[in-house]
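Me: I'm new to looking at protein models. Could you walk me through how to read one, feature by feature?

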Amino acid sequence: MADDSFNTPETGDNPVAAAAGSADATDPTDPIDAVRELEEIPSVEVISRAAVMLLSAAAERLGLADEDPETSPRRDLDEARRLITALAGLITASAEYLGVHAAPLRDGLQSLQKAFREASAVPDAPGQGPGEKYTGPVH
């Protein structure tokens, strides 16, 4: 016997309508509701949220969340390099869309780049640090 769970009198053969349920009840764990919420968020906010997540993750990997970054168990400079580079690419590629959000994000990025340089046993040459191929040298 075939599973006919998607076919209800209200939705017929439409599994999307069946998953959506009633219009006034939303479930944040439901992928359909999550998509509906994402489509209402302006692109600048999505980009900014992604940038803040990368900023936070890079700071964690630099050990900046701990009292003594040098002894932080979360410190991982290789991971921090990747996150900072991804953040630099995102900010550089989307700067024209970020408007007033661009400057604080650039400042945060530059702070991370400087913190990375300070944390490195052998600092990268100017222009060779994480994200510097997108931002230019950070001194």
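**Reading the helices and their packing**

Reply: Sure, let's begin with a crossing: α3 passes α4 in a left-handed crossing. Keep in mind that this is a predicted model.

Me: Let me step back for a moment. How many helices and strands are there in the protein chain?

Reply: You'll find six helices and zero strands. Walk along from the N terminus and the elements read α-α-α-α-α-α.

Me: Okay, back to that pair. How do I describe two packed helices?

Reply: The general idea is to give the angle between their axes and the distance between the axes. Here, helix α3 (residues 43-61) and helix α4 (residues 77-98) pack at about 155°, and their axes are 9 Å apart. An angle over 145 degrees counts as roughly antiparallel, so α3 and α4 are roughly antiparallel to each other.

Me: Which residues of α3 and α4 meet?

Reply: On the α3 side, they include Val44, Ile47, Ser48, Leu54 and Arg61. Among their partners in α4 are Leu77, Glu79, Leu83, Tyr97 and Leu98. Sorted by class, this contact has 17 nonpolar, two polar and two charged residues.

Me: What about α4 and α5, at what angle do they cross?

Reply: Roughly 160°, with the axes coming within 10 Å. That makes α4 roughly antiparallel to α5, and α4 passes α5 in a left-handed crossing. The contact includes Ile84, Leu87 and Ile91 of α4, along with Leu105, Leu109 and Phe116 of α5. Its class count is 14 nonpolar, one polar and two charged residues.

Me: Why should I look for nonpolar side chains that sit together?

Reply: In soluble globular proteins, nonpolar side chains tend to be buried together. In this model, the largest nonpolar core has 19 residues, and those touching the most other members are Leu62, Ile84, Leu87, Leu105, Leu109 and Leu112. At least two core residues come from each of α3, α4 and α5 (102-119). The largest share is from α4, with seven residues.

Me: Can we zoom in on one of those? What is Leu112 in contact with, leaving aside its neighbours within four places in sequence?

Reply: Leu112 is in contact with Leu55, Ala58, Ala59, Leu62, Leu64, Ile84 and Leu87.

Me: Now a single residue from the helix pair: is Ser48 buried or exposed?

Reply: Buried means under 20% relative accessible area. Ser48 has 13%, so it is buried. Ser48 lies in helix α3, and apart from neighbours within four places in sequence, Ser48 is in contact with Leu98, His101 and Leu105. Try finding Ser48 and Leu98 in the viewer: they're 50 residues apart in sequence, and their C-alpha atoms are 7.6 Å apart in space.

Me: And what share of the 139 residues in the protein chain is buried?

Reply: Buried residues make up 28% of them.

Me: Let's try a spot outside the helices. Where is Ala125?

Reply: Ala125 sits in the loop between α5 and α6 (132-135). Its relative accessibility is 43%, so Ala125 counts as partly exposed. Leaving aside neighbours within four places in sequence, Ala125 is in contact with Arg117 and Glu132. Ala125 and Val138 are 13 residues apart along the chain, with 9.9 Å between their C-alpha atoms.

Me: Last one: what can I say about contacts across the whole chain?

Reply: Take the contacts with a separation of 6 or more: residues 24 or more positions apart account for 48% of them.

Definitions and conventions
Residues are numbered from 1 along each chain as its sequence is written. This is a predicted model: local features need pLDDT of at least 70, side-chain atom pairs count only at pLDDT 80 or more; totals for chains, interfaces and linings use all residues. Side-chain values use heavy atoms; hydrogens and water are left out. Axes are lines fitted to C-alpha atoms, for helices over the stretch in contact, and angles run from 0 to 180 degrees between N-to-C directions. Helices (H or I, at least four residues) and strands (E, at least two) are DSSP runs, numbered from the N terminus. Angles under 35 degrees count as roughly parallel, over 145 as roughly antiparallel, 65 to 115 as roughly perpendicular and the rest as oblique. A crossing is left-handed if the near helix is turned anticlockwise from the far one by less than a right angle, and right-handed if clockwise. Contact means heavy atoms within 4.5 Å. Ala, Val, Leu, Ile, Met, Phe, Trp, Tyr, Cys and Pro count as nonpolar, Asp, Glu, Lys and Arg as charged, and the others, Gly among them, as polar. A nonpolar core is a set of buried Ala, Val, Leu, Ile, Met, Phe, Trp, Tyr and Cys residues joined through side-chain atoms within 4.5 Å. Buried means under 20% relative accessible area, exposed over 50%, partly exposed in between (1.4 Å probe, protein chains only).
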